[in-house]
Amino acid sequence: MDGTLLDLLEEKVTAAPDKPLYSFLDRDLVVSTSLSYRDVHSRARRFARTLQYHHCAGKPVLLYCPHGPEFLIGFFACVLAGTWAVPVARHRARSQVGLAALCRVSGATTIISTSARASSLSRALAGTEIMMLSVDQDCVAAEDYRRPAITPTDIAFIQFTSGSTSSPRGVVISHANVMHNADQIRQAFATTADDVGVTWLPFHHDMGLIGHVIQPLFAGIHNYFLNPMDFLARPARWLQAISDFGGTISGGPDFAFALATDKVSEHELTGLTLAKWRLAYSGAEKIRPETLARFAHKFSATGFASDSWFPCYGLAESTLFVTGQFGVEACRPSGPQRCRSSVCVGKPVADTSVMIKHPGSEDNVVDGNAGEVCISSPSVAVGYFNDKVASKKTFRTLTDNGRHYVRTGDCGFMRDQRLYLLGRYKNVIKRRGCSYHAEDIEAALKIGLGEWGIQLCAAFAVDVDDTERLVLLLEQGRRLTSTEKKPHRQLTETAAALIVDQFGIAPDDIQIVAANTLPLTSSGKIQRHACVDFYQQRTKKADRLQKTEVSDDGLQA
């Protein structure tokens, strides 16, 4: 479908103004707010007048609202006003450093939020010239709404990738990008008017925003939202919502399915009916066959069908979705890669091309061998906002038959024209001429050390005296009882033995850290680059303490 998001919203509200579009559930899974197409359009149009009054059209505006109707109204108000929404993760907005970095990179001078968040934001914005507008308060002086003259090639919004808070990177998504991607998803998911979406994914994340806000609007389906914190506090809420409201499309990263498998009790399992869940997508991080198998086994009694699995692959640089398929097929790449089986994420659609290149070069790898995943598609963005150097390096250096390809930084391989993913290249650890993926090592540790209370871990390489060292950080995710507690030395020895046994390599250093210590992205993934900094600072601090203790003992001057 051609056109813009503005065209789409106007078309939908004209065709079915009173049809429910978005419903929000409270922690008891009761609908607290429901918005029809007319509700979304009329409320967004009112606030769009405010944005136009403050001359926000054609400019980036930070969108920092709670996970509720205000976020959606603010987002679509930006669309209606011709303003470029920049969805903000909460951890970035709560930090002066994070806010300053976003404002610097995006050039935003306005933040859209709510009156409830005004006081905390005012403190964070003290001493700046940034203006705050509350989406739940109309500007009485606003003039009548004026429909902007926007085209498909104009900016729709700016999606910041999850990762470093101090060095954020915004992907410029055009109306043409998002409309093409929404159509790709509709075709791949084979959505109909009878489908029902259910999600807990945060709106600032591309999978939540595009997959469950824009896509339902595009496909004309009803979507139910849980608060992400309510899901994390009690994962059974997600599955109960799917059961109660007849959800047919839902999913999330691998960790969500693992969390539900581990945390949903037998009592909570009783009464769940998941037979209508026809498409259970898994993406955003490495898909693990064992996670999907454990989930399917546990919830088979509820009617969940294993053929509902839809492994998929996407990234913000390609709006969201690249490829996916029903069913779980796994295999290993050819060549010297030492890794577990990878799940197939399907064959790219007709107008999307995927090539596997040797990292840093334009040379193709042999079919079945691993390399860097490179993508060409109408969904691929033009570049990063206000970052010409990074844009050129990622989006413009690779061409083939007149097509530009984005270098994703993801490691994968093609076999029989279908894509398999191994992980991020920066997460590859080299040992004795072989490559090991940090995700595989972390998965083995979480499974093997579950009884020790280890729920998060980070594996990465650091350079020490021109030698690459494998480091493991193990985070204790829960408080252990006195009978469960074991000496740290015993835990580190067990972890080392596990890695030697499964991968044939020995970690150089293993450290145990307290709960809520490891740095995470906004979507809950390990920030390995930040873990390296954390580890190095921790090591330096330990060295200083050791030297102080030695000096105090009089053993060293």
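## A friendly walk through the structure

Reader: How many aromatic pairs does the count come to?
Author: Welcome! Please keep in mind that this model is predicted. Rings of Phe, Tyr and Trp pair if their centres lie within 6.5 Å, and by this rule the count comes to 31 aromatic pairs.

Reader: Are the rings of Phe-295 and Phe-304 stacked or edge-to-face?
Author: Their centres are 5.2 Å apart, and their planes meet at 85 degrees. Planes over 60 degrees apart count as edge-to-face. The angle here is 85 degrees, so the pair of Phe-295 and Phe-304 is edge-to-face.

Reader: Is Phe-295 buried or exposed?
Author: The cut-off for buried is under 20% relative accessible area. Its partner in the pair, Phe-304, has 4% and counts as buried. With a relative accessible area of 0%, Phe-295 is also buried.

Reader: Which Trp residues belong to the aromatic cluster that holds Phe-295 and Phe-304?
Author: On the Phe side, this cluster has Phe-231, Phe-255, Phe-257, Phe-295, Phe-299 and Phe-304. The Trp members that join them are Trp-200, Trp-238, Trp-277 and Trp-309.

Reader: Which residues touch the most other members of the largest nonpolar core?
Author: In soluble globular proteins, nonpolar side chains tend to be buried together. Here the largest nonpolar core has 109 residues. The ones touching the most other members are Tyr-22, Phe-75, Phe-157, Trp-238, Leu-239 and Trp-277.

Reader: Which helix gives the largest share of this core?
Author: The largest share is 10 residues. A second, separate core has 22 residues, including Ile-429, Trp-452, Leu-470 and Ala-495. Back in the largest core, the share of 10 residues comes from residues 69–81, which form helix α3.

Reader: Which Trp residues does Trp-238 touch, leaving out residues up to four places away in sequence?
Author: The contacts of Trp-238 include Val-198, Leu-226, Phe-231, Ser-250 and Gly-251. Ala-256, Phe-257 and Ala-260 are also among them. The Trp residues in contact with Trp-238 are Trp-200 and Trp-277.

Reader: How many of the 10 residues of helix α10 are buried?
Author: Trp-238 is one of the buried residues of α10, and the others are Ala-236, Arg-237, Leu-239, Ala-241, Ile-242 and Ser-243. After the helix comes Gly-246, with a positive phi near 65 degrees. Helix α10 spans residues 236–245 and is largely enclosed by the rest of the structure, because its buried residues number 7.

Reader: Which Arg residues are in contact with Asp-230, leaving aside neighbours within four places in sequence?
Author: Asp-230 sits in helix α9, residues 228–233. Its relative accessibility is 11%, so it counts as buried. Besides Asp-26, its contacts are Arg-27 and Arg-237.

Reader: How far apart are the end C-alpha atoms of helix α2?
Author: Helix α2 covers residues 37–53, which is 17 residues. At 1.5 Å a residue, the expected span is 24 Å. The model agrees with this, since the end C-alpha atoms lie apart by 24 Å.

Reader: What is the phi of His-55, which follows α2?
Author: Most residues other than glycine have a negative phi. His-55 lies in the loop between α2 and β3, and at 59% relative accessibility it counts as exposed. Although it is not a glycine, His-55 has a positive phi of about 60 degrees.

Reader: Which other residue has a positive phi of about 55 degrees although it is not a glycine?
Author: Look in the loop between β18 and α14. The residue there is exposed, with a relative accessible area of 58%. Its name is Asn-386.

Reader: Which Arg lies over the face of Tyr-64?
Author: Arg-169 lies over the face of another ring, that of Tyr-384, at 4.9 Å from the ring centre. Over the face of Tyr-64, at 4.2 Å from the ring centre, lies Arg-117.

Reader: Which Arg is in contact with His-358, leaving aside neighbours within four places in sequence?
Author: His-358 is in the loop between β17 and β18 and, at 37% relative accessibility, counts as partly exposed. Its contacts include Asp-363, Asn-364 and Val-365. The Arg in contact with His-358 is Arg-407.

Note on methods: Residues numbered from 1 in each chain as written. Predicted model: local features only at pLDDT ≥ 70, side-chain atom pairs only at ≥ 80, totals over all residues. Heavy atoms only, no water. Helix = DSSP H or I, 4+ residues; strand = E, 2+ residues; numbered from the N terminus. Buried < 20%, exposed > 50% of the residue type's maximum accessible area, 1.4 Å probe, protein only. Contact = heavy atoms within 4.5 Å. Phe/Tyr/Trp six-rings, centres within 6.5 Å; stacked < 30°, edge-to-face > 60°. Lys NZ or Arg CZ within 6 Å of the ring centre and 35° of its normal. Expected span 1.5 Å × (residues − 1). Core = buried A, V, L, I, M, F, W, Y, C linked by side-chain atoms within 4.5 Å.
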